[in-house]
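Hello,

Here is the structure I promised to pass on to you. Have a look at it first, and then read my notes below.

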Amino acid sequence: MEKRITISVHQQERLASSTKRGSLIRSGARWIYRRLPDVIIYGYAFMYMYTGWAKFMNLSAFIRGNSKIPYLGQYAKLIGYGIPTLELMLAILLIVPFYAVKRFALWTSTLLMGVFTLYLSLMVRFADKKLCHCGGVIESMGWKTHIVFNLIWLIAGIFALIKTKIIHSKIQKNGKI
């Protein structure tokens, strides 16, 4: 005995459109996922350009604030000029279209974000007077929000490092993705 299932024309159209919609969503998600490392890299570039520029615009306040940091205060001028210079250089190197340069800048950016996260965590845990001179909107965040913000960028940087290595090795191996 043969069992037949009948589906109305309306149900067939709904099934076909939901499959198309699902396929469109999946392909859109794949498109975003493939480009996510670039979004992260350009996000780092924007963030470091923004914070580096903000620090240079208020350089004397940045140096004065750094001089109040326990154990690091004696290096306030070096830190005051060095950090914003490093951030601006990384922002430029992150947008250079050469893989080796961009990868080096991404490694350095991720490492620097790890150092900033560690600094903030130690500051929140052990310092009585908490100091942050990140610049602009980032400086106005609460401490826990700032640490979460940094952790998200740290994880994003690690993700981008892993994905760019995989993508680059596929390109070298096959000549294309």
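Before we get to a pair of helices, one definition helps: a helix axis here is a line fitted to the C-alpha atoms, over the stretch in contact, and the angle between two axes runs from 0 to 180 degrees between their N-to-C directions. Please also keep in mind that this is a predicted model.

With that in hand, take helix H3 (residues 76–94) and helix H4 (residues 99–126). Their axes come within 9 Å and cross at roughly 145 degrees. The crossing of H3 and H4 is left-handed. Which residues meet there? On the H3 side they are Ile83, Leu86, Glu87, Leu90, Leu93 and Leu94, and on the H4 side Val101, Lys102, Ala105, Leu106, Thr108, Ser109, Leu112 and Phe116.

Now for the whole chain. The protein chain has six helices and zero strands, so if you read the elements from the N terminus on, you get α-α-α-α-α-α. Of its 177 residues, 34% are buried. If you take the contacts with a separation of 6 or more, 67% of them join residues 24 or more positions apart. The accessible surface comes to about 12,300 Å², and carbon and sulfur atoms hold 68% of that.

Helix H2 (residues 59–66) is a nice one to click through. Its buried residues are Leu59, Phe62, Ile63, Gly65 and Asn66. These residues cover an arc of only 160 degrees around the axis, which means that they sit on the same side of H2.

Finally, the aromatic rings. A pair of aromatic rings is described by two things, the distance of the centres and the angle of the planes. There are five aromatic pairs in the structure. In one of them, the ring centres of Phe46 and Tyr50 are 6.3 Å apart and the planes are at 15 degrees; planes under 30 degrees apart count as stacked, so this pair is stacked. Both residues belong to helix H1 (residues 9–57), where they are four residues apart, about one turn of the helix. Are these two buried or exposed? Phe46 has a relative accessible area of 60%, so Phe46 is exposed, while Tyr50, at 31% relative accessibility, counts as partly exposed. Elsewhere, Tyr44, Tyr48, Phe149 and Trp153 form one aromatic cluster.

Enjoy exploring!

Best wishes

Technical notes. Residues numbered from 1 in each chain as written. Predicted model: local features only at pLDDT ≥ 70, side-chain atom pairs only at ≥ 80, totals over all residues. Heavy atoms only, no water. Buried < 20%, exposed > 50% of the residue type's maximum accessible area, 1.4 Å probe, protein only. Helix = DSSP H or I, 4+ residues; strand = E, 2+ residues; numbered from the N terminus. Arc of directions from axis to C-beta. Phe/Tyr/Trp six-rings, centres within 6.5 Å; stacked < 30°, edge-to-face > 60°. Contact = heavy atoms within 4.5 Å. Areas by Shrake-Rupley, 256 points an atom, 1.4 Å probe, with all protein chains shown as cover. Left-handed = near helix turned anticlockwise from the far one by under 90°.
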